[in-house]
Amino acid sequence: MRYAFVLTAFLSLCLPVAIAADPRYCEGKTTLNDKDFTLKESADNVHLPVLAKYFKSKGKNVSVTAVLESANRALSKGSPSVGNGSPVEAWAWNSGDDNTKDWVPQGITSSADAFGKGTWNDHNVWIVSWYRDKDSVRLSFVDRKTHKYRHVMLVYPTADDDFISIAIHAGGIMWYGNVLYVVDTKVGIRAFDLDNIWEIEIADGVGKTKDGKGYSADGYLYVLPQIRYYKWTAGDASPFRFSWVSLDRSDSPDTLMVGEFVRQGEKFPNTKTPVPIRYVKYDLDATTRRLHTDDKGIATASWAHCVNIVNVQGAFSYEKTFYISRSTGKAPKSGDLFTWEQGKTAKEHKGWFMAGNEDLSFNPVRKEYYTVTEYDSDRYILAYKV
Ligand SMILES: *[C@@H]1O[C@H](CO)[C@@H](O)[C@H](O)[C@H]1NC(C)=O
């Protein structure tokens with residue numbers, strides 16, 4: 001054993017590509033060095049304030065409450081082929097959203113992420129993200145009292161008078177005060193400003209309309225602009241998959257956790273190096289609603305760990321217990337829940353979720369957690385009691 005170790009160490013010194021030596025990888029490790037996990041905060045988008053001024057002048061800067069009050073679609077009580085976890089609530093989308101093959105739901109967050117009291121301006125709210133392949137992301141703002149909802153498109157301001165859609169997977173979302181965090185798989189985390197939701201024309205195309213007199217977003221009434229992003233700093237040499245995101249209000253300060261979706265046996269291309277599966281937490285600043293950064297704009301992880309469970313679509317932690325959502329494919333398959341505490345073996349609850357379980361979000365006020373299921377004609381928002 002000792003000889004083999006020395007030989008490996010010797011080889012990795014000689015070989016020009018010592019990919020397995022990356023300290024961020026998991027081979028043989030559980031805890032990782034927090035300092036190795038850094039994100040760089042971008043400057044704020046310079047076009048956003050100019051556009052904001054324009055929409056305000058037209059009386060078209062609207063609030064989250066106004067979006068909820070303008071809801072034009074309704075959820076209905078669903079009776080899905082649930083797993084053995086027995087949700088306390090199951091809500092189906094309207095038939096168009098349930099059946100569409102264009103849009104796929106992925107991420108979920110609630111007003112209990114936004115504020116510790118659990119509500120946004122007295123509304124109990126869910127936000128769900130949907131992606132349209134290589135094209136755009138929309139959000140559903142759901143009012144849990146009326147069970148009505150309204151879609152809002154995510155946009156990126158590209159000029160003082162234009163914006164484009166955002167072509168990411170949006171595998172997880174997290175709402176913190178006036179900021180909505182959305183994971184961008186290969187890049188990092190994007191942040192959107194909920195103090196700026198703009199009402200636009202209902203027309204085709206995204207951005208400035210052809211006549212130059214207004215704005216549109218593929219027929220949706222509202223857009224939510226990106227304000228900044230947090231970029232993985234290690235580049236392609238040491239990628240991190242930003243697959244999901246969640247909030248932990250039981251950490252002090254509050255933390256944002258991101259994690260990686262990795263398939264069974266996945267290796268980096270042309271290597272024998274297994275793709276690591278890591279969960280990383282960053283401290284949040286409850287005043288600015290940003291990640292805590294140093295004076296150079298670098299956010300350094302407060303916790304980083306390897307968690308060897310494949311196909312994880314979402315997870316959250318609360319008071320040191322982690323809840324982990326693993327998918328296994330379409331029905332009749334079902335999804336699994338794991339509960340885990342650091343230093344212990346994860347406990348598997350096989351078949352807990354119906355097929356298609358995705359991101360997770362916890363609500364400490366109602367002692368509930370949420371997921372969405374992704375497969376067309378079998379899509380629900382599910383709530384479970386802890
Ligand atoms: C737009 O409205 C929000 C309230 O929803 C407010 O916080 C924000 O300051 C407004 N933006 C501008 C540019 O007035």
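Which ring does the charged end of R289 sit over? That would be Y176, with the charge 4.5 Å from the centre of the ring. Before I go on, a reminder that what we have here is a predicted model.

Let me stay with R289 for a moment. You'll find R289 in the loop between β20 (278–283) and β21 (298–300). Its phi is near 65°, so we have a positive value in a residue other than glycine. R289 also counts as buried, because its relative accessibility is 14%, and the cut-off is under 20%. There's another charge over a ring to look at: K281 lies over the face of W303, 5.6 Å from the ring centre.

Okay, the overall picture. The protein chain has five helices and 29 strands. Its radius of gyration is 21 Å, close to the 21 Å that the globule rule gives for 386 residues, so the chain is as compact as a globular protein of that length. If you take the principal axes, the C-alpha atoms fill a box of roughly 75 × 45 × 40 Å. And of those 386 residues, 55% count as buried.

Now, the aromatics. How many aromatic pairs does the structure hold? There are 29. I'll show you two of them. Start with W93 and Y149: the ring centres are 5.1 Å apart and the planes sit at 85°, so this pair is edge-to-face. W93 is in the loop between β5 (89–92) and α4 (95–99), while Y149 is in strand β9 (residues 148–159), so the pair ties together parts that are 56 residues apart in sequence. W93 and Y149 are both buried.

The other pair is Y369 with Y384. Here the centres are 5.2 Å apart and the planes are at 15°, so we call this pair stacked. Y369 belongs to strand β28 (residues 368–372) and Y384 to strand β29 (residues 380–385), and the pair links these distant parts of the chain, 15 residues apart. Again, both Y369 and Y384 are buried. These two tyrosines also belong to one aromatic cluster, together with F316, Y318, Y323, W352, F353 and F362. Keep Y318 and F362 from that cluster in mind.

On to the empty space. How many cavities of 30 Å³ or more are there? The count comes to two. The largest has a volume of about 40 Å³. Its lining is A112, D113, L247, D248, R249, Y318, F362 and P364, so there are Y318 and F362 again. The elements giving two or more residues to that lining are α5 (111–114) and β18 (244–248). By class, the lining of the largest cavity has five nonpolar, no polar and three charged residues.

The second largest cavity has a volume of about 30 Å³. I108, D113, I173, V245, S246, L247, L360, S361 and F362 line this one. Both β18 and β27 (361–363) supply at least two residues of the lining, and β18 has the largest share, with three. The classes here are six nonpolar, two polar and one charged.

Then there's the largest pocket, which holds about 540 Å³ of space. It is lined by 24 residues, and the closest to its centre are T185, K186, V187, F240 and R241. Among the contributors, β7 (125–132) and β17 (222–232) each supply at least two residues. Look at the classes: 10 nonpolar, three polar and 11 charged residues.

Last topic, some backbone details. Where are the cis peptide bonds I want to show? One joins S252 and P253, with omega about -5°. P253 lies in the loop between β18 and β19 (255–259). Another runs from A331 to P332, where omega is near 10°, and P332 is in the loop between β24 (321–326) and β25 (335–341).

We've already met R289 with its positive phi. A170 has one too, about 50°, although it is not a glycine. A170 sits in the loop between β10 (162–165) and β11 (173–176), and with 0% relative accessibility it counts as buried.

One more residue, D22. It lies in the loop between α1 (2–14) and β1 (38–41). Is D22 buried or exposed? At 14% relative accessibility, D22 counts as buried. As for distance, the C-alpha atoms of D22 and Y131 are separated by 32 Å, and the two residues are 109 apart along the chain.

Notes. Residues numbered from 1 in each chain as written. Predicted model: local features only at pLDDT ≥ 70, side-chain atom pairs only at ≥ 80, totals over all residues. Heavy atoms only, no water. 1 Å grid on protein atoms, 1.4 Å probe; cavity = no way out; pocket = protein on both sides within 12 Å on 5 of 7 lines; lining within 4 Å. Points joined across faces, edges and corners; volume = space filled by probe spheres on them. Helix = DSSP H or I, 4+ residues; strand = E, 2+ residues; numbered from the N terminus. Nonpolar A, V, L, I, M, F, W, Y, C, P; charged D, E, K, R; others polar. Phe/Tyr/Trp six-rings, centres within 6.5 Å; stacked < 30°, edge-to-face > 60°. Buried < 20%, exposed > 50% of the residue type's maximum accessible area, 1.4 Å probe, protein only. Lys NZ or Arg CZ within 6 Å of the ring centre and 35° of its normal. Rg over C-alpha atoms; globule rule 2.2 N^0.38 Å.
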